[in-house]
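Subject: Handover of a structure and the findings on it

Dear colleague,

Please find below the structure that I am handing over to you. I would ask you to keep it open while you read the remarks that come after it.

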Amino acid sequence: MPEEMGVALLGTEERGRHLAAVDAVEGLRALEPAGEESPERWLADPRVGIVTVLSPPSERGYWVRQALEAGKGVLCACPPVAGRRAGDLRDLVGMERQGMLRIDAPSLHSGFADEVRRSVTRVEGPVFARLRVRVPRIWSGTGGVLGSHGLWGPLLLEDLFGRIDTVAAHTRAMVRNRPEEDLALAHLEFLNGLEAVLEVHALGAETEADAAFELYGHRGRGLVHEDLREARMTGLRRQYGDLLAAAQGREAAPDPLAEGLGRALQLAAWLHRAARHGRRLGERELK
């Protein structure tokens with residue numbers, strides 16, 4: 001029986017979910033540190049083939065870079081970098097190492113995104129789309145709901161409909177003593193004239209954890225729904241499986257969020273700035 005590849009988890013955010021996903025992937029084994037063993041020791045450990053970065057957002061970019069430079073596969077929690085401009089990420093993900101990075105975004109790997117793409121092909125003359133992501137408060141990690149659960153949303157919409165032209169947005173921290181937003185709403189206008197609404201919030205119970213996409217056209221309507229309680233584990237297991245395949249030199253599915261990370265962070269910053277200014281902003285106003 002071939003030796004299992006070790007997975008080192010740096011940090012504690014949603015650690016239990018990642019341990020369960022690793023345990024479900026044949027060929028992987030989570031390695032626990034001995035005593036106060038430092039992260040640097042993990043990066044030099046030949047047993048470790050994959051590093052999961054669950055540290056605070058301000059530290060994630062550093063550990064992702066260190067792990068990639070050490071030749072490890074990396075799975076990073078959202079948001080992967082806090083308070084950084086998209087242009088600063090060019091040295092974070094070298095093109096030759098891009099296949100070894102995954103960003104924790106289960107809906108891009110659970111089948112939901114593929115179903116959304118198929119639904120778009122069945123609607124003639126699309127004019128309006130709506131993407132909604134609802135998660136319970138107990139799932140809401142650091143970085144706010146846009147970063148932790150919705151960073152992939154605007155990127156997927158641009159992949160479907162082309163470049164976004166203007167953004168009007170509203171974000172709100174609904175829970176006292178919590179600085180990160182629990183609600184993010186945005187109205188997006190695309191260069192091709194299509195309009196879309198993005199809604200991400202962490203205001204409900206766990207039974208309301210879902211993602212939904214609606215598309216309306218001159219002829220036809222598309223609807224895709226996903227229960228996130230199941231998808232967040234299905235997608236995560238697939239991401240670990242893809243990292244294992246890439247580390248072993250086998251073909252692995254690409255990660256759209258990792259490959260479009262700079263643009264995804266730029267879009268998130270655009271939404272936050274539009275919300276802060278309280279008016280519709282074009283991309284040129286972000287310069």
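The paragraphs below describe the sheets, the cavity and a few individual residues.

Please bear in mind that this is a predicted model. All values quoted here were computed from it.

The parallel sheet

A good place to begin is an open sheet of five strands, arranged in the order β2-β1-β3-β4-β5 with parallel pairing. At its edges are β2 (28-31) and β5 (101-103), each of which pairs on one side only. On average, neighbouring strands of this sheet are turned by 25° against each other, with direction ignored. As general background, strands of a sheet pair through backbone hydrogen bonds, and they may do so in a parallel or an antiparallel way.

Within this sheet, strand β1 covers residues 5-11 and is mostly covered, as six of its seven residues are buried. Four bridges join β1 to β2, and the two run parallel. To locate this pairing on your screen, look for G6, which stands opposite R29 in β2. Towards the other edge, strand β4 (residues 73-76) pairs with β5 in the parallel sense over three bridges. There, V74 has L101 in β5 as its bridge partner.

The mixed sheet

There is also an open sheet of seven strands, in the order β11-β10-β6-β9-β8-β7-β12, and its pairing is mixed. Why do β11 (221-227) and β12 (281-282) each have one side without a neighbour in the sheet? They stand at the edges and each has a single partner strand, so one side is left free of a neighbour.

The mixed pairing can be followed strand by strand around β6 (124-136). With strand β10 (residues 210-219), β6 pairs in the antiparallel sense over nine bridges, and P126 stands opposite G217 in β10. With strand β9 (residues 195-204), β6 pairs in the parallel sense over eight bridges; here R132 stands opposite E199 in β9. Strand β9 is also paired with strand β8 (residues 183-190), in the antiparallel sense and over seven bridges. In that pairing A186 stands opposite L198 in β9.

The cavity and H149

How many cavities of 30 Å³ or more does the model contain? The count comes to one, and the volume of this largest cavity is about 260 Å³. It is lined by 20 residues, of which R17, D104, P106, S148 and H149 are the closest to its centre. The elements that contribute two or more residues to the lining are α1 (15-24), β6, α5 and α7 (228-247). By character, the lining residues divide into 10 nonpolar, five polar and five charged.

H149 deserves a separate look. This residue lies in helix α5, which covers residues 144-149. Is H149 buried or exposed? Its relative accessibility is 14%, and because residues under 20% are classed as buried, H149 counts as buried. A polar atom of the H149 side chain lies 3.1 Å from the backbone oxygen of W139.

Two points of backbone geometry

Most residues other than glycine have a negative phi, and most peptide bonds are trans. The model has a departure from each of these patterns. E14 is not a glycine, yet its phi is positive, at about 50°. E14 is found in the loop between β1 and α1. With a relative accessibility of 27%, E14 counts as partly exposed, because this class lies between 20% and 50%. The other departure is a cis peptide bond that joins C78 and P79, with an omega of about -15°. P79 is placed in the loop between β4 and β5.

Contacts of D159

Lastly, I would draw your attention to D159, which has its place in helix α6 (residues 152-161). The side chain of D159 makes a polar contact with the side chain of R117, at 3.2 Å. Which distance separates the C-alpha atoms of D159 and P256? They are separated by 9.6 Å, although these residues are 97 residues apart along the chain.

I suggest that you find each named residue in the structure as you go through these paragraphs.

Yours sincerely,

A colleague

Technical notes
Residues are numbered from 1 along each chain as its sequence is written. This is a predicted model: local features need pLDDT of at least 70, side-chain atom pairs count only at pLDDT 80 or more; totals for chains, interfaces and linings use all residues. Side-chain values use heavy atoms; hydrogens and water are left out. Buried means under 20% relative accessible area, exposed over 50%, partly exposed in between (1.4 Å probe, protein chains only). A polar contact is a pair of N or O atoms within 3.5 Å; within protein, one must be able to donate a hydrogen and the other to accept it, and residues adjacent in sequence count only if both atoms are side-chain atoms. On a 1 Å grid over the protein atoms alone, a cavity is a set of points where a 1.4 Å probe fits but cannot get out, and a pocket is an open set with protein on both sides within 12 Å along at least five of seven lines; lining residues have an atom within 4 Å of a point. Grid points are joined across faces, edges and corners, and a volume is the space filled by probe spheres set on the points. Ala, Val, Leu, Ile, Met, Phe, Trp, Tyr, Cys and Pro count as nonpolar, Asp, Glu, Lys and Arg as charged, and the others, Gly among them, as polar. Two strands pair if DSSP finds at least two bridges between them. Axes are lines fitted to C-alpha atoms, for helices over the stretch in contact, and angles run from 0 to 180 degrees between N-to-C directions.
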